[in-house]
Amino acid sequence: MELLVNNKPYVFDSTVTLSRVLQEVQMLRPTGIAIAVNDEVVPKTKWDAHPLRDRDRIIIIQATQGG
């Protein structure tokens, strides 16, 4: 299945989870991160259960400090 992660295409098997996507795109520290799938935020508690479909658009946002 092909997923678009932060505007880059990736190919995964059909059983991939959002947690696995994070690992594959090297977001090894999933703290301070928000994920949206097709413009809908997915709570962290559902990252392992949220169903993904071919051509889903995933946006991963990393919080940063600033002022």
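I take buried to mean under 20% relative accessible area. By that cut-off Val37 is buried, because its relative accessible area is 5%. I note at the start that I am working from a predicted model.

**Entry 1: overall make-up**

I looked up the secondary structure and found 1 helix and 5 strands. Read along the sequence, I get the pattern β-β-α-β-β-β. I then checked the overall dimensions: the C-alpha trace spans about 40 × 25 × 20 Å along its principal axes. The radius of gyration is 12 Å, and this agrees with the value near 11 Å that a compact globule of 67 residues would have. I noted that buried residues make up 27% of the 67 residues. The exposed surface comes to about 4900 Å², with carbon and sulfur atoms supplying 50% of it. For contacts between residues at least 6 apart in sequence, I found that 53% join residues at least 24 apart.

**Entry 2: the sheet**

I traced the strand order next. The 5 strands form an open sheet in the order β2-β1-β5-β3-β4, and the pairing is mixed. β2 (8–11) and β4 are the edge strands; each has a single partner strand, so one side of each is left without a neighbour in the sheet. Ignoring direction, I find neighbouring strands turned by 35 degrees against each other on average.

I went through the pairings in turn. β1 (residues 2–5) pairs with β5 in the parallel sense over 2 bridges. In that region I see Val5 opposite Ile58 of β5. β3 and β5 are antiparallel, and 5 bridges join them. β3 also runs antiparallel to β4, with 3 bridges between the two. I asked myself how much of β3 is buried. The count is 4 of the 5 residues, so I record β3 as largely enclosed by the rest of the structure.

**Entry 3: Val37 and the hairpin**

I went back to Val37, which I placed in strand β3. I looked up its bridge partners on both sides: Ile58 in β5 and Glu40 in β4. Ile58 thus appears twice in my notes, opposite Val5 and as a partner of Val37. Leaving aside neighbours within four places in sequence, I list the contacts of Val37 as Leu18, Val42, His50, Leu52, Asp56, Arg57 and Ile58. I also looked up a distance to the start of the chain: Met1 is 36 residues from Val37 in sequence, and their C-alpha atoms are separated by 15 Å.

β3 and β4 form a hairpin, and I find 2 residues between them. Asn38 sits in this turn and has a positive phi of about 50 degrees.

**Entry 4: Asp56**

Asp56 was on the contact list of Val37, and I looked it up separately. I found Asp56 in the loop between β4 (40–42) and β5 (57–62). Is Asp56 buried or exposed? It counts as buried, because its relative accessibility is 5% and the cut-off is 20%. Not counting residues up to four places away in sequence, Asp56 touches Glu2, Leu3, Leu4, Val37, Asn38 and Pro51. I also took one distance from Asp56 to Gly32: they are 24 residues apart in sequence and 22 Å apart in space, C-alpha to C-alpha.

**Entry 5: salt bridges**

I looked for salt bridges and found 2 in the structure. One is formed by Arg20 and Glu24, with the closest N and O atoms 2.6 Å apart. Both residues belong to helix α1 (residues 18–24), and because they are 4 residues apart they are separated by about one helical turn. I checked accessibility for the pair: Arg20 is partly exposed at 41%, and Glu24 is partly exposed at 36%.

I found another between the side chains of Asp39 and Arg57, at 3.4 Å from N to O. Asp39 lies in the loop between β3 (33–37) and β4, and Arg57 lies in strand β5, so this pair ties together parts that are 18 residues apart in sequence. Asp39 is exposed, with a relative accessible area of 62%. For Arg57 I read 37%, which is partly exposed. I add that Arg57 is among the contacts of Val37.

Note on methods:
Residues are numbered from 1 along each chain as its sequence is written. This is a predicted model: local features need pLDDT of at least 70, side-chain atom pairs count only at pLDDT 80 or more; totals for chains, interfaces and linings use all residues. Side-chain values use heavy atoms; hydrogens and water are left out. Buried means under 20% relative accessible area, exposed over 50%, partly exposed in between (1.4 Å probe, protein chains only). Contact means heavy atoms within 4.5 Å. Two strands pair if DSSP finds at least two bridges between them. Axes are lines fitted to C-alpha atoms, for helices over the stretch in contact, and angles run from 0 to 180 degrees between N-to-C directions. A salt bridge is a side-chain nitrogen of Lys or Arg within 4 Å of a carboxyl oxygen of Asp or Glu. The radius of gyration is taken over C-alpha atoms; the globule rule is 2.2 Å times the number of residues to the power 0.38. Accessible areas come from the Shrake-Rupley method with a 1.4 Å probe; for residues, only the protein chains shown count as cover.
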